[in-house]
Amino acid sequence: MKILLVDDDPVVRRVHSALLKAQGHEAVEAADGELAWRLVEEGGINFVVSDWMMPNLAGVDLCRRIRASILDRYVYVILCTSKGAKTDLIEGMDAGADDFLVKPTGRDELRVKVRAGERVLSLQQGLADKNNELARINRQLLSSYKHIEDDLKAAAWMQQRLLPTPALEANGLRCHSRFEPSGYVAGDIFNFFPMDEREVGFYLLDVSGHGVPAAMLSVTLSMILTPDASRGSPLKSLNRATQLSEILSPGEAIRELNRRFQSKDDRYFTMIYGLFDTRSSMLRVAQAGHPGPILIGRDAQPEILGTGGMPVGLWNEIDFDCFEVRFKAGDRLLLYSDGVTECTNEMGELFGESRLLAYLSRAASQPLDKLLEGLLKEIKNWRNTTEPGDDVSLLAIEMNGDLAP
């Protein structure tokens, strides 16, 4: 180890230098504190044995300068002094000295003090190496996180592209929607589309779990839930005799989905799927473990429809809740994910169905887009500073007046 000896007495320097060389160290000499400081600044020295009393810059002041400077290494400092008073030792410790030697210094005492300093510097170097390794790993993690974040943002953009535009019309039905994922990607997906010139289909589903696995399944479902029998849609079947596609009832469609998506990893999804016949104003709905849709009648209080049913993908042979409702001009239907009713405030209380119904009762006369925006605001106000625990999806459908029977 290279050790800097600082003393204005050349005899003391020679004696200490000989002792250190005999112990296998390299000794560098300085006659005063200023020269010693310049040598420390130049680098390569992290061990200093300095006399206390010296001209130009005393040993205790050299120690203070070293501690006040920003160096790329730790410098271990031993102060040599003939002083033995407690106040002097306290002053040296306050200046940042690591250890002390009392003059005249014996060979064994110098050896023991230097060995103790070597152990400290070895620990310091080990700690610095570990910190450097941690910094390297942290940089790698940040780079990896950035790549993952970029991928998730791209996936979120793609998922958003699969959703319908916030305002749509089909066969005389008006639809508005809102989507607020709790993360970059979501397990919720929904759509609204004409099945033919007479019927309009819509669905809202919520895949169990969160993150990428749930989002991947929701995207897969959105790709197959199209009114195109030639692409293997579970919403239509191909009549082999006539080679024409036939619309399946909501119950038949969900049973077909359940047959296809018997998951081996316990993943399932809840769903509402409905068909609206614009000629008869009849709404047919199948419910698979999803929160019940809410009928907002033009002249009635909001009402939750359905009894629940079982989710899709749990068991092969199960029944789903299917029901029919006749729509009147001005009636509305709201579909929503459980991120609405299960939103919690800072006290852990759920937003719940009663608050949802109360809001819809107050806002029933508002345009669909304003109604949904107001509901999102109610949810955010309820949550306040609490982080969203789940995705929030809203799909509202309204029957135009010219479709009245």
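The following questions and answers concern a sheet and two helices in a predicted model.

In this predicted model, local features need pLDDT of at least 70 and side-chain atom pairs count only at pLDDT 80 or more, while totals for chains, interfaces and linings use all residues. Residues are numbered from 1 along each chain as its sequence is written, and side-chain values use heavy atoms, with hydrogens and water left out.

Q: Which are the edge strands of the open sheet with the order β6-β7-β18-β17-β14-β15?
A: Strands (E, at least two residues) and helices (H or I, at least four) are DSSP runs, numbered from the N terminus. Two strands pair if DSSP finds at least two bridges between them, and the pairing in this sheet of 6 strands is antiparallel. Strands that pair on one side only are the edges: β6 (167–170) and β15 (303–304).

Q: Which residue in β15 is the bridge partner of Leu295?
A: Strand β14 (residues 294–296) pairs with β15 in the antiparallel sense over 2 bridges. The partner of Leu295 in β15 is Glu303.

Q: How is α9 oriented to α10: roughly parallel, roughly antiparallel, roughly perpendicular or oblique?
A: Axes are lines fitted to C-alpha atoms, for helices over the stretch in contact (heavy atoms within 4.5 Å), and angles run from 0 to 180 degrees between N-to-C directions. Helix α9 (residues 352–363) and helix α10 (residues 368–383) pack at about 140°, with axes 11 Å apart. Under 35 degrees counts as roughly parallel, over 145 as roughly antiparallel, 65 to 115 as roughly perpendicular and the rest as oblique. The angle therefore makes α9, relative to α10, oblique.
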